[in-house]
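User: I'm new to reading protein structures. Could you walk me through this one?

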Amino acid sequence: MKKRTRSMLAALAFVLITCVMGSAARADGALAPSRPAADYEQFRAAAEAAAARDFDALPSLPRVTGGKVKTFYIFAEAKPWEVAPGIVRQAWTYNGTVPGPTIHVRQGDRVRVILVNDLHEPTTIHWHGLTVDPEMDGVPGMSQNAVQPGQTFTYEFTASDPGTYIYHTHYDDLNQLDLGLYGAVVVDDARPIEHYDRDYLMLISSWRIASDTENYFSINGKSYPLTKPYIVKSGDRVRIREIDISGTEFHTMHLHGHRFQVIAIDGQPVRPQNRQSMVTLALGPGETRDIAFRANAKPGTWMVHCHVLDHLMNGPVGPGGLMTSVQYENARDRTGLTAAANVMKMGTGGDAQSGFPPMNQTTVYILGAIAGLTIFFGLPFAALKRISKRGIALMNAIAIGVLFFLLFDILRQAGEPIQDALHRMQLGAPRIEFWGLLGIYLGGFGVGLLSLVFFSRSFMAKSPLGIVSPMSLATMIAAGIGLHNFSEGLAIGQSAATGAIQLALLLIIGFGLHNMTEGFGIAAPLAGSGAGGAGSIVRLGLIGGAPTFLGTVTGYHFVSPALSVLFLTLAAGAIIYVISEMTNVGAKIGFKTLATVGVFIGFAIGLGTDLILTAAGA
C-alpha cells in the first residue's frame, strides 16, 4: 500500500512539474526566470530517464499513450555518446539519446512539442514530411527565429497523415545533424488495413569522428557490433521503418535470406498491386521507406547491412557501421560473431589508387643516398680563394636569403601537423595529439636555438673581430640544414614504403635540387677565407647531406608527425641563430645595398627550388 501511495505521489509531482514547464514558455521563447531550478533539473532528469527506456527498447517502438493531445518535452543538450566500441563522441542529443525519443502517436492526435535549448548554439526542429503550419516548420528566418541557448519554443500540429517521418535540427544542419539532433515520428493509422506482428525502427545515421567527412555509420545510434538484432519468429509479418538521416551519404540496405516489399515511401502507402519483391533498397538523405516481409527463412541469424562497403567500417577498420541481423527466436544469436570472424581495413600495403607495392628497399637506400649527396654540387664554392670583398658580401647575402626562405619553409611544414591536429580536436579527436605536437614544436625550436648558442660559446673559435669563424659558421649552417634534410628524407621513405613510386622519384629529384641550393648556403661563409679544403668540404657535405639518407631509411620503416615536427623545429631554431651570425658578418663586411640585393636573390632561389618540389607533389 505504501509503495502504491509513493507511486501516485510521484505521478502527481510529474504532472505538476509538467504544468510548471508548460506555463514557463513565453511567446518570445524565453524561459521564465521564476521557474525553480530544482524543479527544472528534476523534470529534465525524468525526461532523460524516459528517453533512455525508449532507447533501450529499440528497435521496437514505444507505446502510444492515451488522450487526443500528446505533449512531449525535448531537451537539446550535449551528452557523451558511445558510437562504436571505445569511440565516445560528445553528441548533441534530444533528451540525452541518439536518436532522440521516438514520437509515436495516432492519426488525428494533436501533438505539442516543447523544445528546450540547453546547447550553447541556436537550434530548431523541422518536422520532415509532416503536414504543419508554416510557422511550425522549423526553418530559421522562413518560419521562425532560431531558438537561442536558454530559450524554449512550442511546436504544435495535428498528426493528420499516418506514416514514418523524421524530426531534426534545421540550424547549421551539416554540423548539428551529424552530431545527433534527430529522431523518428511514427503516426499510426486510425483504421489500419494491414496487420504486422513486429513493427520496428531502423534509423540510419552518420558521424564525423575526427574527420571532415562522414566516417562512422550507425543504426539507431550505434555502430556494429553495438547494433541490436531484429527479433522475429517463424511466420511473423515484419515491418521495418527505414530512415536515412545521414547528412551526405546514400545507403543501400540489403537483407539476407528474405525478400521484402516496400509498403510506404516517405510516409505515403504503396498500393499492393504496385509493390515488388526486393532484397536491396537504396535510400538517400532524408528519405524513409517502410519495408515488410514474412519471416519464412530457415531459423537462424540473417545479416542486414548496407552494401556501400565503406559503410561497414568503423573509421578505417571493420566490420562495423551499418550491420545488424534478423534474428529468429529459439535460434542461437550469432549477430556479434562477425566482429571476430571477419576483417575489413583500408589498404595500407601500397598506393590505394595505383595499387603498386612498396619500392624495393635497396633501391630506396640508393636513391636516398643520391638525394643527400647532391648537396656537394653547391659546396665547391667553398674552395674559391681569390674573391673580392664585394663578392664575399654578395655570396654571404645570397646565403642569408636562402636560409631565410628555408626558415619560412621549415616553420610552415612544422606547423601543418599541428594545424591538422587542432582541426581533428575540434571535430572530436582526443586533445593529447594537439598539445603533444605543440609541445614538441616549441621544445624543438627552443633546443635548436639554444643548443647552437651554447655550442658556439663553448667550442667554436672566435675570430679577432669577435665574430664566429667562417668554418664554425659553415658547420652550424650544415647542422641546421642536416636537421631539415632528415625530415625531407622521411617524406621520401614514406612515399616509397606506401607504393607511391612516382611521387618518391619526383621527391628525390626535387630534394636533390633543393640540396644543391643548400650546399651553396653552407659554402658561402668559406668563400675567399682559404679554409675550404677538400677534407672540410667532404665533412660539411656529410653533416648537411647524410641526414637525407638517414631520414629516408627511417621513413621507409617508420614515420610519425611528432618525429617530423621535432627535426623541423630543431632545424628552425638552429637556422635562426645562423642567420643572426651571418647578418653580423655581413655588417662587418659592408656593401649594404649589394647585400640587400643578394638576400632577395637568395630568397628567390630558395622559392624556385621549392616550387619544383610543389610541382612534384610534395
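Here are some questions and answers about this predicted model.

User: How many helices and strands are in the protein chain?
Analyst: Let's start with the overall make-up. The protein chain has 618 residues, and 50% of them are buried. As for its elements, the count is 12 helices and 22 strands.

User: What is the strand order in the open sheet of five strands?
Analyst: Strands of a sheet pair through backbone hydrogen bonds, either parallel or antiparallel. This sheet has mixed pairing. At its edges sit β11 (230-232) and β17 (280-283), each pairing on one side only. Reading across, the order is β11-β21-β19-β13-β17.

User: In which sense do β11 and β21 pair, parallel or antiparallel?
Analyst: Look for Ile-231, which stands opposite Gln-327 in β21. Three bridges link β11 and β21. Their pairing is parallel.

User: How many bridges join β19 to β21?
Analyst: Find Gln-327 in β21 again, because Thr-301 stands opposite it; strands of a sheet pair through backbone hydrogen bonds. The two strands β19 and β21 run antiparallel. The number of bridges joining them is five.

User: Which residue in β19 stands opposite Met-253?
Analyst: Start with strand β13 (residues 251-255), which pairs with strand β19 (residues 301-306) over three bridges. That pairing is antiparallel. Opposite Met-253 you'll find Cys-306.

User: How many of the six residues of strand β21 are buried?
Analyst: In a regular strand the side chains alternate between the two faces of the sheet. On one side of β21, Met-323, Ser-325 and Gln-327 are buried. On the other side, Thr-324, Val-326 and Tyr-328 are buried too, so both faces are covered. That makes the buried count for β21 six of six.

User: Are helices α5 and α10 roughly parallel or antiparallel to each other?
Analyst: Two packed helices are described by the angle between their axes and the distance between the axes. For helix α5 (residues 361-373) and helix α10 (residues 534-557), the axes are 7 Å apart and the angle is about 155 degrees. Angles over 145 degrees count as roughly antiparallel. Therefore α5 and α10 are roughly antiparallel.

User: How many charged residues are in the contact of α5 with α10?
Analyst: From α5, the residues in the contact include Val-364, Tyr-365 and Gly-368. From α10, they include Thr-548, Phe-549 and Val-553. The contact divides into seven nonpolar and seven polar residues, and the number of charged ones is zero: no charged.

Notes. Residues numbered from 1 in each chain as written. Predicted model: local features only at pLDDT ≥ 70, side-chain atom pairs only at ≥ 80, totals over all residues. Heavy atoms only, no water. Pairing = 2+ DSSP bridges. Helix = DSSP H or I, 4+ residues; strand = E, 2+ residues; numbered from the N terminus. Axes fitted to C-alpha atoms, helices over the stretch in contact; angles between N-to-C directions. Parallel < 35°, antiparallel > 145°, perpendicular 65-115°, else oblique. Contact = heavy atoms within 4.5 Å. Nonpolar A, V, L, I, M, F, W, Y, C, P; charged D, E, K, R; others polar. Buried < 20%, exposed > 50% of the residue type's maximum accessible area, 1.4 Å probe, protein only.
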